[in-house]
Amino acid sequence: MATGELYFADRKALRRYRAGFVISRILLYLFLTVFALFMLLPFVFMIVASFISPLEFQLFSSTGNFMYLDFSNWTIDNYVTIFASTTTDSLGNIVARTSFAQYFFNTFVVAVGSTLVTAITAVLSAFAFARLEFKGKNLLFTLLLATMMIPGEMMVITNYQTTVQLDWMNTFSALIFVHGVSVFYIFYLRQTFQQIPNELYLAAKVDGIGDIGYLWKVMLPIGMPTVMTIVILSLMGAWNSYVWPTLVANSNWKYNSDYDIRLVSNGLMALFSSEYGTQDAIKIAGSVVVTAPLFIFFIIFHKYIMRGVSRSGIKG
């Protein structure tokens, strides 16, 4: 084949390759766009519906007529109702009730407290299994991993019995310390710590730095993305917890009978089932308020999750 013919053949092959590449990219981004819209539409509808009056949303639900979703009639009354500390009974009398703000505060305290305890136990345990040498370490770690095979529902019964024996019912202790140890987080952080060269530990020993000093000055800074991932996931898990708070914190605080200790999950559900059982717009507004902090938190700190996964050695 002549040089000119070869040149034009290569040009045609290059054009076909570029055309195929462009078409594949267009199809890929089109699929991702449609999939993203499919995932986001329920959240968009939830936000829109939260600003509609309960009566108009009820008419929309029963008729399916979008004219009732009138943007000019948007109101924040649903949010005002959720955060109100008073309500009216069937006779029109004003009675006091727990505001959503109190459920929000209780959840914040429990989420921060349980996350702090979880982070401490995970860091110390992962450091011991990754760097320290003691008799039976591998056997103990194997037994610890074996507990991950036990369904979480089976642990609820024993945890509940322990809570009753410790007289922790309707206390913050029962809500915080039950999530204080996570085998998965220990294993997750141990994978990161094991990637740190052991020569650094030996050099620290030569310089007279103890185990706690080495953990604080060397291992934690290197493994901070994984630690941040544990903090984020623990916060999200504590915030979304429903079954356990319903079991151990279903009324007022043990040490103050006037203080409602329930969290946003079980407190809001009890509120909806009793007072607003048929007012779906108010329920949706409550769902927006519960979801928004987690969504914003994840958007801000999601990069730490990606860094933690890439450094831990766990690929998904």
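How are α10 and α11 oriented to each other? Let's start there and work outwards. This is a predicted model, and in it the axes of α10 and helix α11, which covers residues 224–240, come within 4 Å and cross at roughly 75 degrees. Angles from 65 to 115 degrees count as roughly perpendicular, so α10 and α11 are roughly perpendicular to each other. If you want to see where the two helices touch, look for Leu220, Pro221 and Ile222 on the α10 side. Their partners in α11 are Met224, Pro225 and Val227.

Now stay with α10 and turn to another helix that packs against it. Helix α4 runs over residues 100–130, while helix α10 takes up residues 211–222. Two packed helices are described by the angle between their axes and by the distance between those axes. For α4 and α10, the angle is about 105 degrees and the axes are 12 Å apart. That angle also makes this pair roughly perpendicular, because the band for that word runs from 65 to 115 degrees. On the α4 side, the residues involved are Val123, Leu124 and Phe127. They meet Asp211, Tyr214, Leu215, Met219 and Leu220 in α10. Leu220 is worth a second glance, since it turns up in the meeting with α4 and also in the one with α11.

Let's step back and take in the whole chain. It has 316 residues, and 33% of them are buried. The secondary structure comes to 14 helices and four strands. What about contacts along the chain? Taking contacts between residues at least 6 apart in sequence, 72% join residues that are at least 24 apart. The outside of the chain adds up to an accessible surface of about 19300 Å², and carbon and sulfur atoms account for 69% of that.

Part of that outside is a nonpolar patch, and it's made of Leu28, Tyr29, Phe31, Leu32, Phe35, Phe38 and Met39. Together these residues have about 760 Å² of accessible area. To find the patch, go to helix α1, which spans residues 3–49 and holds Leu28. Leu28 itself counts as partly exposed because its relative accessibility is 36%, and that label covers values from 20% to 50%.

Next come the charged pairs. Side chains of opposite charge can pair when their charged atoms come close, and here the count comes to four salt bridges. One of them brings us back to Asp211, which we've already met where α10 touches α4. Asp211 forms a salt bridge with Lys205, and the closest N and O atoms are 3.0 Å apart. Asp211 is partly exposed because its relative accessibility is 25%, and Lys205 is partly exposed too, at 42%.

Another salt bridge links Glu133 with Lys137, with 3.5 Å between the closest N and O atoms. The two partners sit in contrasting surroundings. Glu133 counts as exposed because its relative accessibility is 69%, whereas Lys137 is buried, with a relative accessible area of 11%. Then there is the salt bridge in which the side chains of Arg262 and Asp260 meet, at 2.8 Å from N to O. Both Arg262 and Asp260 are buried.

Finally, have a look at a couple of loops. The loop between α6 (152–165) and α7 contains Asp167, and Asn170 has its place in the loop between α6 and α7 as well. What is notable about the backbone here? Asp167 has a positive phi of about 60 degrees although it is not a glycine. Asn170, also a residue other than glycine, has a positive phi near 60 degrees. Are these residues buried or exposed to some degree? Asp167 is partly exposed because its relative accessible area is 45%, while Asn170 is buried, at 13%.

Move on past α7 and you reach the loop between α7 (172–177) and α8 (183–194), where Val178 is found. Val178 counts as partly exposed because its relative accessibility is 25%. Leaving aside residues up to four places away in sequence, Val178 touches Asn159, Ser173 and Trp244. Asn159 is 19 residues from Val178 along the chain, and the C-alpha atoms of the two are separated by 7.2 Å.

Terms used:
Residues numbered from 1 in each chain as written. Predicted model: local features only at pLDDT ≥ 70, side-chain atom pairs only at ≥ 80, totals over all residues. Heavy atoms only, no water. Patch = residues over 30% accessible without salt bridge, like charges linked within 9 Å, V, L, I, M, F, W, Y side chains within 5 Å. Areas by Shrake-Rupley, 256 points an atom, 1.4 Å probe, with all protein chains shown as cover. Buried < 20%, exposed > 50% of the residue type's maximum accessible area, 1.4 Å probe, protein only. Axes fitted to C-alpha atoms, helices over the stretch in contact; angles between N-to-C directions. Parallel < 35°, antiparallel > 145°, perpendicular 65-115°, else oblique. Contact = heavy atoms within 4.5 Å.
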